[in-house]
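Here are my notes on the structure you asked about. Keep the viewer open while you read, and go through the points in order.

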Amino acid sequence: MPRQLLKADFFWPLATLGLVAIAVLVALVLSLVHQFDSLSREREQALVANGLTGITSEIAHRVVPQTVWDEAVRNLDNRFDPVWASENIGQYLSQTNGFDTSFVLDAGDRAIFAADGPKAVDASAFEAFAPATAGVIASVRTQESARALVNQRRSTPGQIPGPIQASSIAKVNGRLYIVSATLVQSDFGYARPKGPKAPIVVTGMELGQPFLKQFSERFMLTNLHVHGDDSRSDKQQAHIPLRALSGEYLATLDWEPQTPGETMLGQVGGPILIIVGLLSLAALMLYRRVSGMAQSLLASEARATHLAYFDPLTGLPNRTRFQERLDYALDHLRRDHEATVAVHSIDLDRFKEINDLHGHQVGDQLIKLAARRLAAVCRSTDTFARFGADEFAIVQANATAAQAAALADRLIEAMTAPFYLETIRSFIGCSIGITMITDGDVDPGEAIRQADMALTRARADGGSRFCFFEIEMDAAVKTRRSLEIDLREALAAGALEMAYQPQVNHRGVMTGVEALVRWRHPIRGSISPEYFVPIAEECGLISELGLFTIARAFQDSRRWKGLKVAINVSAIQLRTPGFVTAVSTLVSRLRVDPRRFELEITETVLIGDDPETHETLKRLRDLGFSLALDDFGTGYSSLSYLKRFPISKIKIDRSFIANLGIDDEADAVVGAIIRLARALKLNVIAEGVETSEQRDRLAAAGCSEIQGYLFSKPVSAADIEALRAAPTPMRTARAAA
Ligand code: C2E
Ligand code: MG
Ligand code: MG
């Protein structure tokens, strides 16, 4: 794709530009050459035309010595001497000056002498020349009349007059001639003409091969020749028309002109071609280089774009892409007020456990399989995305609530089927929060937030279910937000308090207390740690809260000699880096004996069986703390944990105690837990004991240590002392909180 894009966008325009540039350059050079050559041809033509005119009059001028001569006046005008004429006109002009033919005309323009070459012939031979020479003869006569008026009277002997003559090119019997007519005149004025008109000597020199040869040599012309068809002339040939004196077209003289442009092109064309070739090569190399760079740029851009919009693990769109699609769907809502859009927020139910238990590789595999199932369930019009770890989302365009619920049902069903991961068969399930959007002006972030809130409810309700967003949820979330802020302030202000709940043996003697944190909110009143401890965990306050309670328990413990003090430590708190160090610092600072303290952890701490947890628990035990497993029976209740971790006590969850005597199963579970504890040589305590019946059943099953309202609710540190002092605590069952 990028390569094609590049070719279309980059190569062809560039190549076209290059070709056009070369074509323009070539056209420019050729046009210059052509202009140069035609300019040179025009100059040559002008030169040849002038030269021809010059030669014509030059040839005519050769007659002058024989005609502007007193002897000629005497022998041709005063009286006609045919012998003189034959020697001095016919023979002389032919042999000395190369004329082909010569005539003498009398004052009335009648031929009185004719010579063909040197040989005198009958004067009637002139008849053939008469039409062709009429023009030059008339011109001579006109000049003669004009001269007669002005000059002849003034002419004095010893002053040679200028010749009166005319010449032109003429055609006689299909042959071209340079013809001339020259008036017979006196040179020194010793001979006078007998009448007002003098004889005329007419000559003809054929424009034949000898003439053309001479002419070519003189003007350095190549391939000079004459032809009678002007239109035949090649455009590239140089040519001039030959015309009679009257202007009548006679023939064309053409030759090969010199072509300095072409010659120059011949000399520089090669080098120019080489330069153009080299430049093209350089351009091509540059192009390849640039296109290589552009391609890698495009590729990295494509990669970046993909990373920016798609999740690398599953290839599904990510949050950014999802928001874009959601934007698009909302935009559609603004135009179509009937439509609704469902936004689903999906969370895999037991992903974290699987990930912790079997490692990230298995976790990744699970995510990929889940993504595939998600894709299989969705329609082509739905947009689904992965937001993070095990969070997915769907935009279901044009969906009714019923359709959204149907999709959620299908999804839950798909995710409930077992996943086969390497050698493990896992049951995951998923929880879904759905919000129905009917208003296109809702912010996409708000839509996702609403779906997330509904998801939280679905999870809180036990998972593997879906839940639609309701306005009240929003209020709950907002309350939680404000509680976060208040908790931060309460911690900073030291406004939290501690309560202690006694733990007693079978004789009702107090053996220990459990430290429980209390928060009396200025407006909302007393808030359960079951509610605010998770808030502290989520907003990063758990370390501070945890250390506060431990420090207070350490301090208060000094009041009760011989009592064990149990302190609750949440999983996140335990995994916070620096926890053990912080605790041991408190031990030294407050100078307490860790052997008096029991840390209550839940099974979630042990899930994953990771080396860090082992290390933390080992270090705590090495400091002297003992460890109790709280809420036992609600989680995995795994035997292997009990064996592998340094646990010394298990605490039966109060939900089983509440059902003792009501539900046989509860009795059975409690009995089993107690037997298990014994077998593993672990201490066992029951929490939430409210009635003497519960106490008795527990005692019968072998659990002597109990904690619960039966003996006492959690009370202040001061009240613990009072309780210890009371003679028969079990019966008085005091209630204080
Ligand atoms: P938990 O560790 O299982 O604590 C026992 C809970 O059961 C206490 O609730 C206690 O008041 C309640 N309880 C005791 N006897 C009875 C009884 O006879 N009947 C009934 N229905 N309930 C009884 P509380 O104080 O609300 O604590 C709830 C949970 O909050 C605790 O459960 C513990 O997990 C957590 N928690 C309390 N204090 C702290 C603390 O300082 N740090 C941490 N990390 N967690 C704490
Ligand atoms: Mg506890
Ligand atoms: Mg408990």
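**Notes on the ligand site and two other spots**

1. Let's start with ligand 1. It has 24 residues around it, and those that come nearest are Gln501, Asn568, Asp630, Glu690 and Tyr709. Keep in mind that this is a predicted model.

2. Next, look at the polar contacts of ligand 1. The side chain of Arg518 has an N or O atom 2.9 Å from an oxygen atom of the ligand, and the side chain of Arg654 also places an N or O atom 2.9 Å from a ligand oxygen. Glu687 joins in too, with a polar side-chain atom 3.2 Å from an oxygen atom of ligand 1. How much of ligand 1 does the protein bury? On its own the ligand exposes 780 Å², and 86% of that is buried by the protein.

3. Which elements give two or more residues to the shell around ligand 1? They are strand 18 (510-521), helix 14 (529-538) and strand 22 (626-632). Strand 18 gives the most, with four residues.

4. Now find the magnesium ion listed as ligand 2. Its coordinating atoms come from Glu514 (OE), Asn568 (OD1), Glu600 (OE) and Asp630 (OD), at 2.0 to 2.3 Å. Along the chain, these donors follow the spacing E-x53-N-x31-E-x29-D. Asn568 sits in strand 20 (residues 564-568) and Glu600 in strand 21 (residues 597-601), so this pair ties together parts that are 32 residues apart in sequence. Are these two buried or partly exposed? Asn568 counts as partly exposed, at 27% relative accessibility, while Glu600 counts as buried because its value of 1% is under 20%.

5. The magnesium ion listed as ligand 3 has protein donors from Asp630 (OD), Asp631 (OD) and Glu687, where Glu687 (OE) is listed twice. They lie 2.0 to 2.5 Å from the ion. Here the spacing along the chain reads D-D-x55-E. You've already met Glu687 in its polar contact with ligand 1.

6. Which residue bridges the magnesium ions? Asp630 does, and the ions (ligand 3 and ligand 2) lie 4.1 Å apart. Asp630 is buried, with a relative accessible area of 9%. Asp631 is partly exposed, with a relative accessible area of 25%.

7. Let's move to helix 5 (residues 126-150). It has a kink of about 65 degrees, centred on Thr133. Thr133 is one of the helix's buried residues, along with Phe126, Phe129, Val136, Ile137, Val140, Arg141 and Glu144. What do the buried residues of helix 5 pack against? Their partners are strand 1 (101-105), strand 2 (111-116), strand 4 (165-172), strand 5 (175-183) and strand 6 (200-206).

8. Last stop: Asp382, in the loop between helix 10 (360-377) and strand 11 (383-388). Is this loop residue buried or exposed? Asp382 counts as buried, at 5% relative accessibility. A polar atom of the Asp382 side chain lies 2.9 Å from the backbone nitrogen of Arg379. If you leave aside neighbours within four places in sequence, Asp382 is in contact with Ile394, Val395, Gln396, Ala397 and Leu407.

How values were computed
Residues numbered from 1 in each chain as written. Chains lettered and ligands numbered in written order. Predicted model: local features only at pLDDT ≥ 70, side-chain atom pairs only at ≥ 80, totals over all residues. Heavy atoms only, no water. Bend = angle between axes of the 7 residues up to and from the residue. Buried < 20%, exposed > 50% of the residue type's maximum accessible area, 1.4 Å probe, protein only. Contact = heavy atoms within 4.5 Å. Donors = N, O, S within 2.8 Å, 3.2 Å for Na, K, Ca; no water. Near = heavy atom within 4 Å. Polar contact = N/O pair within 3.5 Å; in protein donor to acceptor, adjacent residues only side chain to side chain. Areas by Shrake-Rupley, 256 points an atom, 1.4 Å probe, with all protein chains shown as cover.
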